[in-house]
Amino acid sequence: MPNEDPYAHLATYIEICNTVKITGVPEDAIRLNLFSFSLAGEAKRWMQSFKGNNLKTWEEVVEKFLKKYFPESKIVEGKAASSSFHQFPNESLSEALERFRGLLWKTPTHGFTEPI
């Protein structure tokens, strides 16, 4: 869905996959083979478009998934929102900090260092 966060989807998916251990099977193989089951609708159709094992590694899947569902325009939008952040007049410092951290969480590739 357009309002869903692809980073949150991946985090939840990995958390679920980490509960499955099969002797002799690497974690990435489990993630790669089960990922399409975590998707629905357009995202599932998108994943099925990679027929013939075009995606051979988990890293490839993550890269293509994020490129599709968290494009550069969203990164730019998130960076702009974080860069122009300001505390509202009636907002406490802790509330503002929590809101700012939420902005950073929505754009994990924001590029800001901890000191900034």
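**Exercise 1. Overall architecture**

Which pattern does the protein follow when it is read along the sequence? State also how many helices and strands it has, and how much of it is buried.

*Solution.* The model is a predicted one, in which local features need pLDDT of at least 70 and side-chain atom pairs count only at pLDDT 80 or more, while totals for chains, interfaces and linings use all residues. Residues are numbered from 1 along each chain as its sequence is written, and side-chain values use heavy atoms, with hydrogens and water left out.

Step 1. Read along the sequence, the pattern is α-α-α-α-α-α, in keeping with a count of six helices and zero strands; helices (H or I, at least four residues) and strands (E, at least two) are DSSP runs numbered from the N terminus.

Step 2. The protein has 116 residues, of which 24% count as buried, where buried means under 20% relative accessible area, exposed means over 50%, and partly exposed lies in between (1.4 Å probe, protein chains only).

Step 3. The exposed surface of the protein comes to about 8,400 Å², and carbon and sulfur atoms supply 59% of that area, as computed by the Shrake-Rupley method with a 1.4 Å probe, only the protein chains shown counting as cover for residues.

Step 4. Among contacts with a separation of 6 or more, 52% are between residues 24 or more positions apart, a contact being heavy atoms within 4.5 Å.

**Exercise 2. The nonpolar core**

Identify the residues that touch the most other members of the largest nonpolar core, and the elements that supply this core.

*Solution.* Step 1. A nonpolar core is a set of buried Ala, Val, Leu, Ile, Met, Phe, Trp, Tyr and Cys residues joined through side-chain atoms within 4.5 Å. The largest such core has 16 residues, and F35, M47 and F65 are the members that touch the most others.

Step 2. Two or more residues come from each of α1 (6-17), α3 (41-48) and α4 (58-69), and α4 gives the most, with five residues.

Step 3. When neighbours within four places in sequence are left aside, F35 is in contact with H9, L10, Y13, M47, W58, V61 and F65.

**Exercise 3. The loop between α1 and α2**

Describe the surroundings of T19 and I22 in the loop between α1 and α2.

*Solution.* Step 1. T19 lies in the loop between α1 and α2 and is exposed, its relative accessible area being 63%. The side chain of T19 reaches the backbone oxygen of I16 at 2.5 Å, which can be compared with the rule for a polar contact: a pair of N or O atoms within 3.5 Å, where within protein one must be able to donate a hydrogen and the other to accept it, and residues adjacent in sequence count only if both atoms are side-chain atoms.

Step 2. I22 is placed in the loop between α1 and α2 (27-34), and with a relative accessible area of 46% it is partly exposed. Together with V20 and V25, I22 makes a nonpolar surface patch of about 210 Å²; patches are made of residues with over 30% relative accessible area and no salt bridge, like charges being joined within 9 Å and nonpolar side chains (Val, Leu, Ile, Met, Phe, Trp, Tyr) within 5 Å.

**Exercise 4. Salt bridges**

How many salt bridges are there, and which residues do salt bridges that share partners join into one network?

*Solution.* Step 1. A salt bridge is a side-chain nitrogen of Lys or Arg within 4 Å of a carboxyl oxygen of Asp or Glu, and by this rule the count comes to five.

Step 2. K21, which is exposed at 58% relative accessible area, forms a salt bridge with E27, the closest N and O atoms being 3.2 Å apart; E27 is partly exposed, at 40%.

Step 3. D28 and R31, three residues apart in helix α2 and thus about one turn of the helix from each other, meet in a salt bridge at 3.6 Å, N to O. D28 is partly exposed at 28% relative accessibility, whereas R31 is buried at 10%. Not counting residues up to four places away in sequence, R31 touches Y13, I14, C17, N18 and W58.

Step 4. E91 and R99 also meet in a salt bridge, at 2.9 Å, N to O; E91 is buried, at 13%, and R99 is partly exposed, at 29%. Salt bridges that share partners join K21, E27, D28 and R31 into one network.
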